[in-house]
Amino acid sequence: MRVVLMGPPGVGKGTQAERMQALLGVPHVSTGNILRAAIKDERSSLGAEVRKFVETGRLVPDRLMGDLIGERLKRDDAAAGFILDGFPRTVEQVSILNDVLGRLGKPLDKVLMLVVPETEIVRRLSGRRTCGNCGTVFHLESRPPKLPGICDVCGSALMQRPDDNEEVVRERLKVYTDQTVPVADAYRAKGLLVAIDGLGDVSEVQTRLASGLGRA
Ligand code: AP5
């Protein structure tokens with residue numbers, strides 16, 4: 001199954017996509033995770049090129065993102081499908097994805113859009129802590145680590161993402177409204193978009209997403 005999971009920053013896309021992998025048996029492809037891994041790798045020229053965009057909440061240019069997603073979706077593990085998290089984010093990226101999938105002869109099945117009020121987004125982003133080593137995501141209130149500041153999975157230190165500070169979050173929300181809301185409109189017009197209430201605990205939201213895919 002080929003699914004796009006979209007929604008504003010911090011709505012819970014990554015949290016849910018990790019769980020959907022098991023349900024659908026297809027990989028979670030997060031462009032944010034791919035870019036952060038490139039930034040962490042000091043030898044990566046892609047990382048050096050994209051750092052300034054990611055850390056200030058601006059979008060990486062479509063040309064670079066198109067190359068990146070084209071390469072990723074050609075890999076064997078995506079042959080049976082994928083859950084795409086963070087792409088497409090612009091109307092131009094919708095065309096890029098159409099072209100990539102058209103070449104592969106594999107159209108998109110569904111676009112799920114998580115929706116929560118902005119106050120909840122701010123609460124989720126300000127309390128998010130991420131493992132600097134394995135990337136596991138926690139929340140100070142809704143998913144606290146067993147030991148404060150320490151990852152339950154690998155024991156490394158938890159950190160706040162550089163783009164989760166208040167000023168950058170405001171920029172990310174603006175970019176979402178200006179550039180990504182039109183993506184939702186485009187998919188709605190094609191009859192592919194299903195809006196899902198993202199409020200409630202993680203398992204409740206997971207059940208709603210599964211039902212949006214006809215898998216509940
Ligand atoms: P990206 O990493 O994609 O960031 P984002 O879309 O802003 O989304 P987040 O990762 O912040 O949040 P999320 O929705 O995954 O929420 P999460 O599950 O962590 O992109 C980062 C940057 O990369 C962009 O700004 C841009 O610069 C660049 N980029 C990426 N893709 C690009 C593209 N296509 N084109 C150009 N540039 C691109 O949850 C958040 C918190 O809430 C966590 O702490 C979690 O534990 C908690 N939580 C989750 N669900 C619940 C719940 N149900 N109840 C309570 N708490 C919850």
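Helices (H or I, at least four residues) and strands (E, at least two) are DSSP runs, numbered from the N terminus. The model is predicted, so local features need pLDDT of at least 70 and side-chain atom pairs count only at pLDDT 80 or more, while totals for chains, interfaces and linings use all residues. Residues are numbered from 1 along each chain as its sequence is written, and side-chain values use heavy atoms, with hydrogens and water left out.

The shell around the ligand holds 36 residues, each with a heavy atom within 4 Å of the ligand. Thr15, Arg58, Arg89, Arg128 and Arg172 come nearest. By class, the shell has 14 nonpolar, 11 polar and 11 charged residues. Here Ala, Val, Leu, Ile, Met, Phe, Trp, Tyr, Cys and Pro count as nonpolar, Asp, Glu, Lys and Arg as charged, and the others, Gly among them, as polar.

A backbone N or O atom of Val11 lies 3.2 Å from a ligand oxygen atom. For Gly12, the corresponding distance to a ligand oxygen atom is 3.1 Å. Ser142 places a polar side-chain atom 2.9 Å from a ligand nitrogen atom. Helix H2 (31-40) is among the elements that give two or more residues to the shell. The largest share, four residues, comes from H2.

The largest cavity encloses about 70 Å³ of space. A cavity is a set of points, on a 1 Å grid over the protein atoms alone, where a 1.4 Å probe fits but cannot get out. Grid points are joined across faces, edges and corners, and a volume is the space filled by probe spheres set on the points. Strand E1 (2-6) and helix H7 (166-189) each give two or more residues to the lining. The largest share, three residues, comes from E1.

Methods:
Polar contact = N/O pair within 3.5 Å; in protein donor to acceptor, adjacent residues only side chain to side chain. 1 Å grid on protein atoms, 1.4 Å probe; cavity = no way out; pocket = protein on both sides within 12 Å on 5 of 7 lines; lining within 4 Å.
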